[in-house]
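Colleague: I'm new to this one, so bear with me. Can you put it up on the screen and let me quiz you on the wording?

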Amino acid sequence: MRQLTDEDVEGRIDWMLTSARRFGGTPGTGLSVRTVELTLGRLRTVLDLGVRRRVFAPGRT
């Protein structure tokens, strides 16, 4: 997690919006914007929890 970059997250967002679908529609197509937003919300929650628990604090190496 300490090596996660903005580019990593942006790349994952692009992938989810264009080709992440595996079931529930045509495989290889994009997920809905709402699904991507919910996924990013989960990521944000996990990262916030990690910072609060000092698992990975900002600026910590």
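Colleague: Where in the chain is the place of arginine 54?

Modeller: Arginine 54 sits in the segment after H2. Keep in mind as we go that this is a predicted model.

Colleague: Why is arginine 54 called exposed?

Modeller: Exposed means over 50% relative accessible area. Arginine 54 comes out at 65% relative accessibility, so it counts as exposed. Its backbone has something to show as well: arginine 54 has a positive phi of about 60 degrees, although it is not a glycine.

Colleague: What about valine 55, where is that found?

Modeller: Valine 55 is also in the segment after helix H2, which covers 33-52.

Colleague: And why does valine 55 count as partly exposed?

Modeller: The label partly exposed is for values between the buried limit of 20% and the exposed limit of 50%. Valine 55 has 43% relative accessibility, so partly exposed is the right label.

Colleague: How far apart in space are valine 55 and arginine 2?

Modeller: They are 9.7 Å apart, C-alpha to C-alpha, with their positions 53 residues apart in sequence. For another pair, take valine 9, which is in helix H1, and leucine 40: those two are 31 residues apart in sequence and 8.9 Å apart in space, again C-alpha to C-alpha.

Colleague: What makes valine 9 partly exposed rather than buried?

Modeller: Buried would need a value under 20%. Valine 9 has a relative accessible area of 22%, so it is partly exposed.

Colleague: How many salt bridges does a search of the whole structure find?

Modeller: One salt bridge turns up. Glutamate 37 forms it with arginine 34.

Colleague: What makes that contact between glutamate 37 and arginine 34 a salt bridge?

Modeller: The side-chain nitrogen has to be within 4 Å of a carboxyl oxygen. Here the closest N and O atoms are 3.9 Å apart, so by that cut-off the pair qualifies. Both partners lie in helix H2, three residues apart, about one turn of the helix.

Colleague: Why do glutamate 37 and arginine 34 get their accessibility labels?

Modeller: The dividing value here is 50%. Arginine 34 has 53% relative accessibility, so it counts as exposed, while glutamate 37 has 45% and so counts as partly exposed. As for where glutamate 37 lies relative to phenylalanine 56, they are 19 residues apart in sequence and 23 Å apart in space, C-alpha to C-alpha.

Colleague: Which residues gather in the patch of negative charge on the surface?

Modeller: Asp6, Glu7, Asp8, Glu10 and Asp14 make up that patch.

Colleague: How do you know that aspartate 14 has enough accessible area for a patch?

Modeller: A patch residue needs over 30% relative accessible area. Aspartate 14 has 49%, so it passes, and it is labelled partly exposed. You'll find aspartate 14 in helix H1, residues 6-19.

Colleague: What does the secondary structure of the whole chain come to?

Modeller: Two helices and zero strands.

Colleague: How does the radius of gyration of the chain sit against that of a compact globule?

Modeller: A compact globule of 61 residues would be near 10 Å, but this chain has 14 Å. The C-alpha trace spans about 40 × 20 × 15 Å along its principal axes.

Colleague: Last one: what share of the residues is buried?

Modeller: Buried residues make up 10% of the 61 in the chain.

Terms used:
Residues are numbered from 1 along each chain as its sequence is written. This is a predicted model: local features need pLDDT of at least 70, side-chain atom pairs count only at pLDDT 80 or more; totals for chains, interfaces and linings use all residues. Side-chain values use heavy atoms; hydrogens and water are left out. Patches are made of residues with over 30% relative accessible area and no salt bridge: like charges are joined within 9 Å, nonpolar side chains (Val, Leu, Ile, Met, Phe, Trp, Tyr) within 5 Å. Accessible areas come from the Shrake-Rupley method with a 1.4 Å probe; for residues, only the protein chains shown count as cover. Lys and Arg count as positive and Asp and Glu as negative; His and the chain ends are not counted. The place of a charge is taken as NZ of Lys, CZ of Arg, CG of Asp or CD of Glu. Helices (H or I, at least four residues) and strands (E, at least two) are DSSP runs, numbered from the N terminus. Buried means under 20% relative accessible area, exposed over 50%, partly exposed in between (1.4 Å probe, protein chains only). The radius of gyration is taken over C-alpha atoms; the globule rule is 2.2 Å times the number of residues to the power 0.38.
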